[in-house]
Amino acid sequence: MTPAQHAIDPRHLLEQMLLIRAYEEAIVAGSEAGKVPGTCTSVGQEAAAVGVVNALTADDLILTNHRSAGHLLARGANPGRLLAEVMGRSDGYCGGRSGSLHISAKELGVVLTSTIVGAELSLAPGVALSQTMLGRQGIVVCFFGDGAACEGSFHESLNLAALWNLPILYVCENNHWQAFVHRREAMSREHVSAFAQPYGIPSSTVDGNDVSAVLIAATAAAAQVRASRRPYLLETWTYRTRGHFEPDDQAYVDQAEREAWLARDPIAMCRDRLVAAGSLSEAAAAALAAKVADRIASALAFAEASPYPAPSALTENVYA
Amino acid sequence: MPAMTLYDAVGAALVEEMRHDPRVLVFGEGIATKRHDLVQEFGALRVRNTPLAEGIIAGTAVGAAGTGLRPVIDLLFAPFLCYAMDELVNSAGKLRYISGGQFSFPLVTLAMTGAGWGVGAQHNHNVEAWFVHSPGLKVVMPSNPADAKGLLKAAIRDDNPVMFFLDIGLLYQPGEVAAGEHVAPLGKAAVLREGGDVTLVSYGKTVHHCLQAAETLAAQGIAAEVIDLRSLKPLDEATILASVAKTGRLVVVHEANRLCGIGAEIAALVAEQAFARLKAPVVRLGGPDAPVAASYPLEQAFVPQAEAIAAAAERLCRPQHA
C-alpha cells in the first residue's frame, strides 16, 4: 500500500488538522493563563503539514523547525508527550530539555530539529548522505519557511544536494512571514520555488491551504525523489494567521490580507468540502471535533501531571 | 621508528580509521585532491571534495554524524570556522543535549592555524578557546606527529564532535611515529620532561618553545617540568595540579591571545585548587589582543618564544618568591 492510499480518507486528514489546531489553541490558552511557556504556532498552516507528512513512508526522515507541531502530530506524535515537552516536563520527547522550539522524536523519524532558521537546510544533506551511504530506502523531507529561504544555508544546501544527488524533498512552507517582517520586505522573489530552478532542481508550488492538493503534490514530489534519488522542492503557499511568537498582538499585520487568508482556513475548507460532497455529516464533523478536544484535554492533564526533571540531571547528555 | 610529518601522520590516521570502520568518510575543501591516495583506496563516495562553503560542509557533517556516519571534515584554516559556527556550536554541540540524548555526533573537524607560513590574520587565528567555551564539543591540538596520529584515531572513534587543530608551524616537521595501532586517549596530557622547580604548561608549537626553555633553565640549575596538554577539552586537570603541587611555580604558554585563553582557565584552576602550594604568582604568556600580521618578524613576535619563557620561569625561581 502506498502512503497516499493509506491516507486517502480525507476525514483522517481533517481529524489530524483538527488535532493540530486544538493542540496549538491549548498552548495559546495555557500561555495566556501563565501555565505554558509562549511558543511559535503554525495556526493556518495545518494543511501544508498534514498533506506532506501523509505522503511519506515510515522509512522517511523528517527535519523540521520551530513551527513543528503540525509535522510532529501528523507523524503520529503523542500530544501528551508534546505538551509535556513544551512545559519542560520529564515525559516530553526530549525530557523537557527542548521546550517547544526544537522537538526531535527519533522514534517517529523526526530528527535533529533545530530552531536556528536555516539550520534544517544545512543539516539535511548530511542526513540524506547517511540514507544513501548506509543503504536506507527512506528519503529526507526538510521543512523550512520563506524566512529560511533567505539564509545562505538554503542556497548552499540546494547546491550540494543537486551536486551529490541527495534524495531530499525540500518543503518550503511559504507562510508570508519572516518573524515580524512580511516576505515582500525581505525576499527578492514572491515564490521560493523560483530559487530551485537555477540549481537544476525541479520544483512546484501548491495551494498550501488545500490539504488534498498538498497530499497529491507531495505524493508526486516524493515519488520523484524516490525514483530519481535527487532533490525536489515543493512550495506550499500558505499563511501564518497568528503572530510570530505567543503572545503577539499582530499590530504589524495587514488586516485585509489576514482576513482574506482566514476566509480560506484550511480546516473549514476541508470540512465544508466533505460535508458538501456528502462524505461527512454535520453530526460526524461535530463528533470529530469533540473527540479531538477530549484527546487534548487528556494530553494536557498528562503533561501537567508529569514531573519536572531533577536539577541534579542538569548536565546529563552533554557528551555521549 | 619511522619518521613522518604531522601532515602525513594525519593521513596515516585517516587510512587506518577508514579501514577500521566503513562508516568513516572524509570531505572538505580539496581533501580529495590533496589526499588522492585516500580516493584510490576508499573511492570517491567516501573521500569527497566540497564547495568552498564551510557552513554547508559542517552542517552536512553534523547531519551525517547524527544519523549514522562518522565524518571527518577539513575546513582548511581556523578563521574559516567563523562560517561554520552555527553548525558546530548550535547543532553539533547542542542537539544531543536538547533532544534529551536522542542523538550523538561522532564528527571530527580539522582546521589549521598558527605562525609559520605568513598567511596573515584571516588564515592564522588560534581560536581553540572559543570551542572550549562551547558545550558538547571536545578540542584537541597536538604538538607532534605521533600524537597527531594517535589523537586523531581517538577523535574519530569518539562519539562526540571533536575540533582538531593543526599547528601550521608543525605541519611539515618530521617526528617519530610508532608503526601500528596506537590510540592516544583524549583528555590525557603528556609530561614531556620532569622537573621539580617550575611547571611549564603548553600545547601546539609552544610546547617546543617550552622544551627549549627547559634546556636553558637546566643550564642555570633550574629543573623545569614540561606538560603538553594535547587536549584542551577534556582538560587533564589532575596532571596540571599534581605538577604544581610538586613545583609550586607555573608558567602557562600558548600562541592564542592571552585574554580569556586556556591559560586563564588553568591559572584559575590552580588558584582555586592549589593556592596553598604556590610559591610564586602564576604567569601567563600568550599572544596579544591583536590580529596576526603576515610580516615574518611580526608573526614571530606574536608567539611566546623560548627566551621569554625561560626568563619568566627564572624570575619565578628567584629567592624573593621562595
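**Helix crossing, interfaces and backbone exceptions in a two-chain model**

Helix 9 and helix 13 of chain B cross in a right-handed sense. I start with that pair, and I should say at once that this is a predicted model. Helix 9 covers residues 206-219 and helix 13 covers residues 306-316; their axes come within 8 Å and cross at roughly 50°. Angles from 35 to 65 degrees fall in the oblique class, and helix 9 of chain B is therefore oblique to helix 13 of chain B.

Which residues make this contact? From helix 9 of chain B they are B:H209, B:C210, B:Q212, B:A213, B:T216 and B:L217, and they meet B:A306, B:I309, B:A310, B:A313 and B:E314 in helix 13 of chain B. By class, the contact holds seven nonpolar residues, three polar ones and one charged one.

Next, the domains of chain B. Domain 1 runs over 3-176 and domain 2 over 190-321. Their centres, taken over C-alpha atoms, are separated by 27 Å. In the contact between them, 23 residues of domain 1 of chain B face 25 residues of domain 2 of chain B. On the domain 1 side, the elements that give two or more residues are helix 7 (128-132), strand 6 (138-140) and helix 8 (145-157) of chain B. That side of domain 1 has 11 nonpolar, eight polar and four charged residues.

Now the chain interface. Here 33 residues of chain B are in contact with 32 residues of chain A. On the chain B side, at least two residues each come from helix 4 (54-65), helix 5 (85-92) and helix 6 (95-98). Which of the helices of chain B gives the largest share of that side? Helix 4 of chain B does, with eight residues. By class, the side of chain B that touches chain A is made of 13 nonpolar, 16 polar and four charged residues.

Turning to chain A, I have one sheet to show. The sheet is open, with five strands in the order 1-2-3-7-6 and parallel pairing. Strand 1 (61-63) and strand 6 (203-207) of chain A each have a single partner strand, so one side of each is left without a neighbour in the sheet. On average, and with direction ignored, neighbouring strands of this sheet are turned by 20° against each other. At the strand 1 edge, three bridges join strand 1 of chain A to strand 2 of chain A, residues 140-145, and the two run parallel. One residue pair to look at there is A:I62, whose bridge partner in strand 2 of chain A is A:V141.

Last, the backbone exceptions. As background, most residues other than glycine have a negative phi, and most peptide bonds are trans. In chain A, the peptide bond from A:E246 to A:P247 is cis, with omega near -5°. A:P247 sits in the loop between strand 7 (232-237) and helix 10 (255-262) of chain A. In chain B, a cis peptide bond joins B:K233 and B:P234, with omega about 0°. B:P234 belongs to the loop between strand 12 (231-233) and helix 10 (237-247) of chain B.

What is the phi of A:R229? Phi of A:R229 is near 55°, a positive value in a residue other than glycine. A:R229 is found in the loop between helix 9 (211-228) and strand 7 of chain A.

Note on methods
Residues numbered from 1 in each chain as written. Chains lettered and ligands numbered in written order. Predicted model: local features only at pLDDT ≥ 70, side-chain atom pairs only at ≥ 80, totals over all residues. Pairing = 2+ DSSP bridges. Helix = DSSP H or I, 4+ residues; strand = E, 2+ residues; numbered from the N terminus. Axes fitted to C-alpha atoms, helices over the stretch in contact; angles between N-to-C directions. Domains from an automatic or database assignment. Contact = placed C-beta atoms within 7 Å. Nonpolar A, V, L, I, M, F, W, Y, C, P; charged D, E, K, R; others polar. Parallel < 35°, antiparallel > 145°, perpendicular 65-115°, else oblique. Left-handed = near helix turned anticlockwise from the far one by under 90°.
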